[in-house]
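Reader: I work at the bench and would like to learn how to read the helices in a model. Could you walk me through one, step by step?

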Amino acid sequence: MWVVVGFVFFTLTAFVRIGQLGFVSQTPDHGAAADALVPPRAEITDRNGVPLARAFPAYSLWFNPKALGPKGQPLVKTPEEVARALVQIFPDEDYADLFAKLKAGKPTYLRRRVLPEEANKIFALGEPALEFPRETQRFYPQGSLAAHVLGYVDEEGHGKLGMEEVLDARLIDPAHRAEPVALSIDARAQGAMEDELSRGMLETHAKGAAGIILDVDTGEVIALASLPSFDPNRGDLARNALVFNRASNQVYELGSTFKPFTIASAIDAGVVTDMAVRYPATPLKIDGFTIHDSHAFGASLNVPEALIHSSNIVTAQVADKLGGQRLRDTMIALGMNARPTIELPAKGFPIWPKGEWPRLRTMTVSYGHGIAVTPLHLAAGYAALVNGGIWRPTTLFKVDPAHAPEGRRVFQASTSARIRQLLRLIVVDGTGKKADASGFRVGGKTGSAEKAGSHGSGYRNKTAIIATFAAAFPMDRPRYVVIAMLDEPQATQLTSGQRTAAWNTAPVVSRVIARTGPLLGVVPDGRRDVDVSDLTPLVANGDGE
């Protein structure tokens, strides 16, 4: 009987405990076991699920001067010898910095990321004070790819610069750490853009570059590059000047790439109604300032010829008829007077002329001088030029096409259709010939602007230019805008001794489109194109800048 009673007692106790676990204690979904399976910081991926940032277990190098006891010597060898040995293992480390930390005799990190094979080499030094605590660290499996988009995680585990900073709270939230965050970036397109910009810099000895691929219907940034770049896996980013983002944070006068905005605004306003109307093409003197072109293109030009040859003189005359207020309103509608709409924390504020624009200001802005914006501003503006006239904010988050933002109408659909013709004509017959990519029906505009002088002097640096090409493809049904910019390119043998956009950034755009088009779902088709038959008879073929 006692055995039976004992058996019943223990059985009842077991059932009570099971009930407690089922109704009172934490479930496996929220318990410690589940937490162990969830990364301490959520993964960031590209739009196709390719990992761009993830957490992984790693070793750190910690200096423990009390390893041999509170009264023992911190090191077996001298601080000088240990510092030299560590530099042999980590050539990127600073000897003076390591020596100072070892000599101070205080507990500190010597390095936050150590590979197993490096730990073995340190262990072989025979210094008990050099310890290897196992920690979870942020790893960027694609290296420097999209570094300015991603940013990095600092030694305290907080995101800095890019989307790591923007998403910091979301990435460490226990309720969401198991869910990767998908960005709009396509790693394949990003790699192609960075590769071709790097090639363009090498060919022209440029000091920097920026590039963007933008979906014209959703505002998604498919690629955003700034060169020189950096490796977010390194630990010295706070001292690294390469973290500056030229695509979203640096403002430039982007020159003739602004001319299609002026022409589109004039078409919308009814100032330009006939493409055959000719304008004088001789130097134009306004308020003691002379507006001239890079070459003489004859006594007169019509609007298609003005864009094909990139005429400042004719564009200025169109802007003069349009008026400063209407051109200013167009620029505001395109977001040119505010920081770019992007999630990144580093967003440049445009150099924007305040108040009413006088006649000369209106004319210079019409061809891209006197107003400075980021390449991201330019990309969003060109998307509105070609997508039917709708400006949308740019984003680094993946967007469902069915739920794309409505945006705001800037140009009439008919104006957008005309601009698509004109942009295609520039690539077929004008300054943009080297941007053409067979079968992709590329349209676009060159821009080569002298850099402004230092300290707001108003003088131009005749030896330093910003070369930009703004393009869209395919022009019969635009899907993507592509921007390429080179900062201070030089005339080299590879650019036939030229330093303008027609010779350096236009070829970059051509190569980027040829490489990324098929990846983004645009199949080259040589049988299709934009119908420009009504414009072709109006132009005399020829190059100009």
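Author: Happy to! This is a predicted model, and we can begin with helix α15, which is mostly covered: 12 of its 12 residues are buried.

Reader: Which residues of α15 are buried?

Author: Calling a residue buried takes a cut-off, here under 20% relative accessible area. In α15 the buried residues are Pro375, Leu376, His377, Leu378, Ala379, Ala380, Gly381, Tyr382, Ala383, Ala384, Leu385 and Val386. For the whole chain, buried residues make up 52% of the 545 residues.

Reader: What span should the 12 residues of α15 have?

Author: The idea is to count 1.5 Å a residue and compare the result with the ends of the helix. For α15, residues 375-386, that gives 16 Å, and the end C-alpha atoms lie 17 Å apart, which agrees. Just past the helix, look at the backbone too: α15 is followed by Gly388, with a positive phi near 110°.

Reader: How do I read the packing of α15 with α10?

Author: Take the distance between the axes and then the angle. The axes of α10 (residues 259-268) and α15 come within 11 Å and cross at roughly 35°. Next comes the hand, and this crossing is left-handed. The residues that make the contact are Pro260, Phe261 and Ala264 on the α10 side, and Leu378, Gly381, Tyr382 and Leu385 on the α15 side. Sorted by class, they are 6 nonpolar, 1 polar and no charged.

Reader: Now for another pair: at what angle do α9 and α17 pack?

Author: Helix α9 (residues 187-204) and helix α17 (residues 505-516) pack at about 155°, and their axes are 9 Å apart. Angles over 145 degrees count as roughly antiparallel, and α9 and α17 are therefore roughly antiparallel to each other. Their crossing is right-handed.

Reader: Which residues make that contact, and how do they divide by class?

Author: From α9 come Ala189, Ala192, Met193, Asp195, Glu196, Leu197, Arg199, Gly200 and Glu203, while α17 supplies Val508, Arg511, Val512, Arg515 and Thr516. The contact of α9 with α17 has 6 nonpolar, 2 polar and 6 charged residues.

Reader: What do the buried residues of α9 pack against?

Author: Start with the list of buried residues, then look for their partners. In α9, those buried include Ala187, Gln190, Glu194, Met201 and Thr204. The buried residues of α9 pack against α17 and against the strands β2 (51-63), β9 (208-215), β10 (221-227) and β19 (480-487). You can repeat the length check here: α9 has 18 residues and reaches 26 Å from its first C-alpha to its last, close to the 26 Å expected. After α9 comes His205, whose phi is positive, near 55°.

Reader: And how would I follow a single residue, say Leu284, to its contacts?

Author: Set aside the neighbours within four places in sequence and see what remains. Leu284 lies in strand β12, residues 284-286. Its contacts are then Phe289, Thr290, Ile291, Ile313, Ala316, Gln317 and Met363. Take Gln317: Leu284 and Gln317 are 33 residues apart in sequence, with 8.8 Å between their C-alpha atoms.

Reader: How does the chain look as a whole, and how many helices and strands are there?

Author: There are 17 helices and 19 strands. The C-alpha atoms fill a box of roughly 115 × 70 × 45 Å along the principal axes. Among contacts between residues at least 6 apart in sequence, 72% join residues at least 24 apart.

Definitions and conventions:
Residues are numbered from 1 along each chain as its sequence is written. This is a predicted model: local features need pLDDT of at least 70, side-chain atom pairs count only at pLDDT 80 or more; totals for chains, interfaces and linings use all residues. Side-chain values use heavy atoms; hydrogens and water are left out. Axes are lines fitted to C-alpha atoms, for helices over the stretch in contact, and angles run from 0 to 180 degrees between N-to-C directions. Helices (H or I, at least four residues) and strands (E, at least two) are DSSP runs, numbered from the N terminus. Angles under 35 degrees count as roughly parallel, over 145 as roughly antiparallel, 65 to 115 as roughly perpendicular and the rest as oblique. A crossing is left-handed if the near helix is turned anticlockwise from the far one by less than a right angle, and right-handed if clockwise. Contact means heavy atoms within 4.5 Å. Ala, Val, Leu, Ile, Met, Phe, Trp, Tyr, Cys and Pro count as nonpolar, Asp, Glu, Lys and Arg as charged, and the others, Gly among them, as polar. The expected span of a helix is 1.5 Å times one less than its number of residues. Buried means under 20% relative accessible area, exposed over 50%, partly exposed in between (1.4 Å probe, protein chains only).
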